[in-house]
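How can the fold be read from its sheet and its cores outward to single residues in loops? Please keep the sequence and the model side by side while reading.

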Amino acid sequence: MHLVARRGAAPKEPAAHPRFQALDLLATLVAVVDHQGRVLFANAVLEDALGLSRRSITGAQLQDCFTEPVLLDNALKGARDNEFAALRYDAHLRRLNHDALSVHVVVAQTEGTGEVVVEMLPLEQQTRQEREARLLDQAQANKELIRNLAHEIKNPLGGIRGAAQLLQMELQAKELIEYTQVIVHEADRLQSLVDRLLAPHRRPHVVGDVNIHEVCERVRALILAEFPRGLRVVRDYDTSIPEFRGDREQLIQAVLNIAHNAAQALAERIEAGDARITFRTRVGRQLTFGKQRYRLALELHVIDNGPGVPDSIKDRIFFPLVSGREGGSGLGLTLAQTFVQQHHGLIECESAPGETDFKILIPLP
């Protein structure tokens, strides 16, 4: 890829105006250009994507970075003629020694005379952000639904149980008493389910210093105690991860729910003796999730070598009462997502036959 300085010579030094420097903090690819497309500033992410230095980009024509330069030419002409405040279109960005990158382009005018901001959001990243936004909206809707439904169930359930007990006291026939005992037993089971639904909203958020590896070790011990044979739990820790403020018990429960689901999905591999769950911790830098950008974030992966999440429920695994296992309550992942979101974090899932990766993201100080 060759960048040329059409309609003007490139400056010797890429002297960026101080007001552009904040664009280096963005996760998206951004260039500030004049109305002819000459680059006045390119942020660090755009440098990395193009495989070129800021010096070589500044002063060159941004159109030359696209497989179809005419699209940006037309957009800049519209900006010059004040035909729009912002224009969006999809394009392909050329990259040095790499395949073209599909991007969603946003062209917008700035307050500066003759300056246009061109933001390029990789379509994969845009899809990810849309998926995160859906997860957050779904989680909030689930939370309200669960809370309201649980309260609606709780009161009549108590009445049913009480009436069955009173009826049992009046009955003489043993076979009839068995029926009332079934009613009481099933009412207790439903009460237990309702209590689990309400648990995240009842329990206070107890904040303290959390070491994520202590959380992982606790979960590892619990999983191996329940599945002592045929399952290996592998540690892959980044020990440099700092402590952060959070609710240790909630995080233990969140990780345990994910790991327990993984272990149950590994039933056949446990029988074969080659089941594996991996706890992997890493520090992510300049990550955007939950509609916010964080300088540092914890990435905790819980990875198993099981059959994968069924396609029929892949998009709904964090919904309440959705389970891929016979007899499952479908609450484990819903509660895990709730607990992690109470730490301003998010759980994502990537799954294929042979590997399922649940990734917990939590901001770090």
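The paragraphs below take up a sheet, an annotated span, the nonpolar cores and two loop residues.

This is a predicted model, in which local features need pLDDT of at least 70 and side-chain atom pairs count only at pLDDT 80 or more, while totals for chains, interfaces and linings use all residues. Residues are numbered from 1 along each chain as its sequence is written, and side-chain values use heavy atoms, with hydrogens and water left out.

An open sheet of five strands follows the order E2-E1-E5-E4-E3 with antiparallel pairing, where two strands pair if DSSP finds at least two bridges between them, and where strands (E, at least two residues) and helices (H or I, at least four) are DSSP runs numbered from the N terminus. Its edges are formed by strand E2 (39-42) and E3, each of which pairs on one side only. Neighbouring strands of this sheet are turned by 25 degrees against each other on average, direction ignored; the axes are lines fitted to C-alpha atoms, for helices over the stretch in contact, and angles run from 0 to 180 degrees between N-to-C directions. E3 and strand E4 (residues 98-109) run antiparallel and are joined by nine bridges, and Leu 87 stands opposite Val 107 in E4. Helix H3 lies across strand E1 (29-34), E3, E4 and strand E5 (115-122), running at about 150 degrees to E3, with contact meaning heavy atoms within 4.5 Å.

The UniProt record, an unreviewed entry, places the feature "domain: PAS" at residues 21-59, although such annotations may be inferred rather than shown by experiment. This span is 28% helix and 26% strand, and its end C-alpha atoms lie 17 Å apart.

Turning to the interior, a nonpolar core is a set of buried Ala, Val, Leu, Ile, Met, Phe, Trp, Tyr and Cys residues joined through side-chain atoms within 4.5 Å; buried means under 20% relative accessible area, exposed over 50% and partly exposed in between, with a 1.4 Å probe and protein chains only. In the largest such core, of 44 residues, Leu 231 and Phe 279 touch the most other members. Helix H7 (248-265) is among the elements giving two or more residues to this core, and the largest share, nine residues, comes from H7. A second, separate core of 28 residues includes Val 33, Ala 42, Leu 46 and Leu 50.

Helix H9 is mostly covered, with ten of its ten residues buried. In the loop between H9 and strand E11 (346-352) lies His 344, whose phi is near 65 degrees, a positive value in a residue other than glycine. His 344 counts as exposed because its relative accessibility is 58%.
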